[in-house]
Amino acid sequence: MVFYYKARPDAGDYTIYMGADKNENEELIKYGLPEDVWFHVDKVSSAHVYLRLKKGDSIDTISEGLLEDCAQLVKAHSIQGNKMNNVEVVYTSWSNLKKAPSMDVGQVGFHNPRLVHILTVEKRVNEILNRLQKTRVERRPDLKAEKDASNAAEKAEKKMQLKDKKRREEIERLVKERQAEIRSYKGLMVAEKMTSNRQIASAGKSMQEVEDDFV
């Protein structure tokens, strides 16, 4: 079972979600997406809370209000953390989570600890939690299928971007070729004109005399 929540409206249309137990947490770790940001109470047991960002977002651009929603939710779902004030919550991108075979179910580490952010939750705020609770939806998603679909969409997007890049490069090539042809043609015309002028001069005639002869 996965619980889904809607973040505060003024933060935008963002979804926050978490597993019902450590087994669900294990699945979420395994099938997370690059847009996911993971939250956990530092040094004590808690739920694994995820925020799904939008394309183009980054962990550094998450608004304070959105961070507060996630932090309050993860604190409330920690037996120890919920009873404490000034709780530290750590968060990092899903891609920074490291799962080793020796780790217990639901346990994770980090590929790069320097990419882990920390924020302090001063106290529980029931107003925030009550608002989030009203938006909660329970589902049993096929996480693997969702990840496969996301990977397929990303692959198709990259393929389209590559195709578009090649098309633009081909257009640029054709434009450069055309410009080179035009410069070459102009150069040829100038050369022919210079040759004609030299021929006239060698004949000892002025341009007016040539024009008179033509007439």
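How many residues does H2 have, and how far does it reach from its first C-alpha to its last? Select the helix and check. H2 has 13 residues and reaches 18 Å. That is close to the 18 Å expected at 1.5 Å a residue. Keep in mind that this is a predicted model.

**Stop 1: the whole chain**

Zoom out before going further. The protein has 215 residues, and 33% of them count as buried. Its secondary structure comes to 5 helices and 9 strands. Walking along the sequence, you meet them in the pattern β-β-α-β-β-α-β-β-β-β-α-β-α-α. Now consider contacts with a separation of 6 or more: residues 24 or more positions apart account for 66% of them. Salt bridges are scattered through the tour, and the structure holds 11.

**Stop 2: strands E1, E2 and E4**

Select residues 2-6, which are strand E1, and residues 15-19, which are strand E2. E1 and E2 pair in the antiparallel sense, over 5 bridges. Pick Lys6 to see one of the pairings: its bridge partner in E2 is Thr15.

Add residues 49-52, strand E4. E2 pairs with E4 too, again in the antiparallel sense, over 4 bridges. Click Ile16 and look across to E4, where its bridge partner is Leu51.

Is E2 enclosed or open? Of its 5 residues, 4 are buried, so the strand is largely enclosed by the rest of the structure.

**Stop 3: Lys6 and Asp13**

Stay on Lys6 and show side chains. Lys6 forms a salt bridge with Asp13. The closest N and O atoms are 3.0 Å apart. Lys6 counts as partly exposed, because its relative accessibility is 37%. Asp13 is at 56%, so it counts as exposed.

**Stop 4: Arg8 and its two partners in H2**

Next, select Arg8, in the loop between E1 and E2. Side chains of opposite charge can pair when their charged atoms come close. Arg8 offers two examples with helix H2.

Take Glu68 to begin with. Its side chain meets that of Arg8 in a salt bridge, at 3.3 Å from N to O. Glu68 lies in H2, residues 64-76, so the pair ties together parts that are 60 residues apart in sequence.

Then take Asp69. Asp69 also forms a salt bridge with Arg8, and here the closest N and O atoms are 2.9 Å apart. Asp69 lies in H2 and Arg8 in the E1-E2 loop, so this pair links parts 61 residues apart in sequence. Color in one more residue, Arg131: salt bridges that share partners join Arg8, Glu68, Asp69 and Arg131 into one network.

Are these residues buried or exposed? Arg8 is buried, with a relative accessible area of 15%. Asp69 is buried as well, at 0% relative accessibility. Glu68 is partly exposed, at 34%.

**Stop 5: back along H2**

Color H2 by burial. The helix is mostly covered, with 10 of its 13 residues buried. Among them are Gly65, Leu66, Leu67, Cys70 and Val74. Asp69, a member of this helix, belongs to the buried set too.

Center the view on Asp69. Which residues does Asp69 touch, leaving aside its neighbours within four places in sequence? Select Ala7, Arg8, Ile16, Ile128, Arg131 and Leu132. You have already met Ile16 as the bridge partner of Leu51. Arg131 is 62 residues from Asp69 in sequence, while their C-alpha atoms are 9.6 Å apart in space.

**Stop 6: where H2 meets H3**

Last, select residues 126-134, helix H3. How do the two helices sit? The axes of H2 and H3 come within 10 Å and cross at roughly 90°. The helices are therefore roughly perpendicular to each other. Show the residues that make the contact. From H2, pick Glu68, Asp69, Gln72, Leu73 and Ala76. From H3, pick Ile128, Leu129, Arg131 and Leu132.

Glu68, Asp69 and Arg131 appear in this helix contact and in the salt-bridge network with Arg8. Leave those side chains on display to view the loop, H2 and H3 together.

Conventions
Residues numbered from 1 in each chain as written. Predicted model: local features only at pLDDT ≥ 70, side-chain atom pairs only at ≥ 80, totals over all residues. Heavy atoms only, no water. Salt bridge = Lys/Arg side-chain N within 4 Å of Asp/Glu carboxyl O. Buried < 20%, exposed > 50% of the residue type's maximum accessible area, 1.4 Å probe, protein only. Pairing = 2+ DSSP bridges. Expected span 1.5 Å × (residues − 1). Contact = heavy atoms within 4.5 Å. Axes fitted to C-alpha atoms, helices over the stretch in contact; angles between N-to-C directions. Parallel < 35°, antiparallel > 145°, perpendicular 65-115°, else oblique.
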